[in-house]
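Subject: The structure to look through

Hi,

Here is the structure to open alongside this email. Have a look around first, then read on for what turned up.

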Amino acid sequence: RANDLLVFSPPVDTLLDKLVLLSRSELYVLKKIDEAKNSVYSDWALRLVQNAMQFLPDNKYLISKAIEIYLWVDSDTQAIKFTDEHINHFQDDYNELKKIGMMFFLNGLYPQSVVYFTRVLELKPEDSETQKNLAICFWYLGDKPKSYDILNELRDKNKNDPDVLADIANVLFFNFRENEKAVGYLTRLKQLSPSNPKVLKLSAGIAEKNGKHTEAITLYEA
């Protein structure tokens with residue numbers, strides 16, 4: 001039930017810690033890794049993962065946790081080593097693939113994110129959030145035409161969806177710095193859904209860019 005419990009930092013118990021390192025119970029060890037992950041003890045979580053990998057190297061849940069922990073402690077190279085094996089184990093698990101893909105994305109590891117997001121879209125092609133993030137990945141990897149192709153396709157499929165259009169516009173403005181294109185979207189969005197928080201965020205960003213700081217503050221607060 002480790003994941004059902006509130007995030008907390010339990011007091012250190014050295015005898016219990018020795019038991020965890022000796023244990024060969026998958027359920028028990030995985031639970032203890034979760035507890036360490038949900039606390040402040042990143043070094044202990046890393047040690048538990050490294051210890052468990054010696055006797056549970058093929059456990060797919062441990063591999064997933066290993067990637068999370070290695071990314072947590074900025075051991076990107078170690079996390080990347082598990083990607084092929086992880087994808088092989090979870091190739092049809094949409095939620096797991098998207099979760100790990102987002103972890104790589106948030107850590108700026110865009111080549112790995114592309115692999116995960118591509119598989120996610122094979123499972124759910126209509127996932128607009130993943131399409132948007134995939135476009136951002138290609139942009140930072142230097143493939144700008146691919147980024148625009150993805151965003152244009154997303155736009156064409158969601159011409160009347162203010163949430164998706166606002167996401168695209170915000171990517172253009174805040175990530176790609178394509179101010180004129182973002183302003184073009186904003187005109188349409190103010191007609192579709194002027195009070196949408198994403199539309200207000202874009203309006204605020206454009207106002208700030210134009211030096212209208214008082215207006216920008218009001219819009220950001222809204």
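Which kind of link do the side chains of Lys98 and Glu129 meet in? They form a salt bridge, at 3.0 Å from N to O. Lys98 sits in helix H7 and Glu129 in helix H9, so this pair ties together parts that are 31 residues apart in sequence. As for how covered they are, Lys98 is buried, with a relative accessible area of 16%, while Glu129 is partly exposed at 36%.

Before going further, keep in mind that this is a predicted model. The protein chain has an average pLDDT of 93, and 96% of the residues score at least 70. Among the elements, H8 has the highest mean pLDDT, 98, and helix H12 (residues 179–192) has the lowest, 90. As a general habit, don't read predicted coordinates in detail where pLDDT is low.

Now stay around Lys98 and Glu129 for a moment, and find Asp127. Asp127 is in the loop between helix H8 (110–123) and helix H9 (128–140). Its side chain reaches the backbone nitrogen of Glu129 at 3.2 Å. Leaving aside neighbours within four places in sequence, Asp127 touches Tyr94, Lys98, Val120 and Leu121. Is Asp127 buried or exposed? Its relative accessible area is 8%, so Asp127 is buried, the cut-off being under 20%.

Back to salt bridges: the structure holds 14 of them. Here are two more to click on:

- Lys99 with Glu96, at 3.3 Å from N to O. Both lie in helix H7 (residues 94–106), three residues apart, which is about one turn of the helix. Lys99 is partly exposed at 36%, but Glu96 is buried at 10%.
- Arg155 with Asp156, where the closest N and O atoms are 3.1 Å apart. Arg155 has a relative accessible area of 30% and Asp156 has 42%, so each of them counts as partly exposed.

Lys99 and Glu96 also belong to a network of salt bridges, together with Asp34, Lys37, Lys65 and Glu68.

Asp34 and Lys37 take us to helix H2, which covers residues 26–37. H2 has twelve residues and reaches 16 Å from its first C-alpha to its last, close to the 16 Å expected at 1.5 Å a residue. Its buried residues are Val29, Leu30, Lys32, Ile33, Asp34, Glu35 and Ala36. What do they pack against? The answer is helix H1 (14–22), helix H3 (42–52) and helix H4 (60–72).

Last up, the aromatic rings. How many aromatic pairs does a search of the whole structure find? There are ten. In one of them, the rings of Tyr61 and Phe90 have centres 6.2 Å apart and planes at 70°, so the pair is edge-to-face. This pair links distant parts of the chain, with Tyr61 in helix H4 and Phe90 in the loop between helix H6 (83–89) and H7, 29 residues apart. Tyr61 is partly exposed at 47% relative accessibility, whereas Phe90 is buried at 5%.

Phe105 and Tyr110 make another pair: their ring centres are 5.9 Å apart and their planes stand at 75°, so this one is edge-to-face too. Phe105 and Tyr110 are both buried. Ring pairs join these two with Phe117 and Tyr140 into a cluster.

Happy browsing!

Conventions. Residues are numbered from 1 along each chain as its sequence is written. This is a predicted model: local features need pLDDT of at least 70, side-chain atom pairs count only at pLDDT 80 or more; totals for chains, interfaces and linings use all residues. Side-chain values use heavy atoms; hydrogens and water are left out. Helices (H or I, at least four residues) and strands (E, at least two) are DSSP runs, numbered from the N terminus. Buried means under 20% relative accessible area, exposed over 50%, partly exposed in between (1.4 Å probe, protein chains only). A polar contact is a pair of N or O atoms within 3.5 Å; within protein, one must be able to donate a hydrogen and the other to accept it, and residues adjacent in sequence count only if both atoms are side-chain atoms. Contact means heavy atoms within 4.5 Å. pLDDT is the predictor's confidence in each residue, from 0 to 100. A salt bridge is a side-chain nitrogen of Lys or Arg within 4 Å of a carboxyl oxygen of Asp or Glu. The expected span of a helix is 1.5 Å times one less than its number of residues. Rings of Phe, Tyr and Trp (its six-membered ring) pair if their centres lie within 6.5 Å; planes under 30 degrees apart count as stacked, over 60 as edge-to-face and the rest as tilted.
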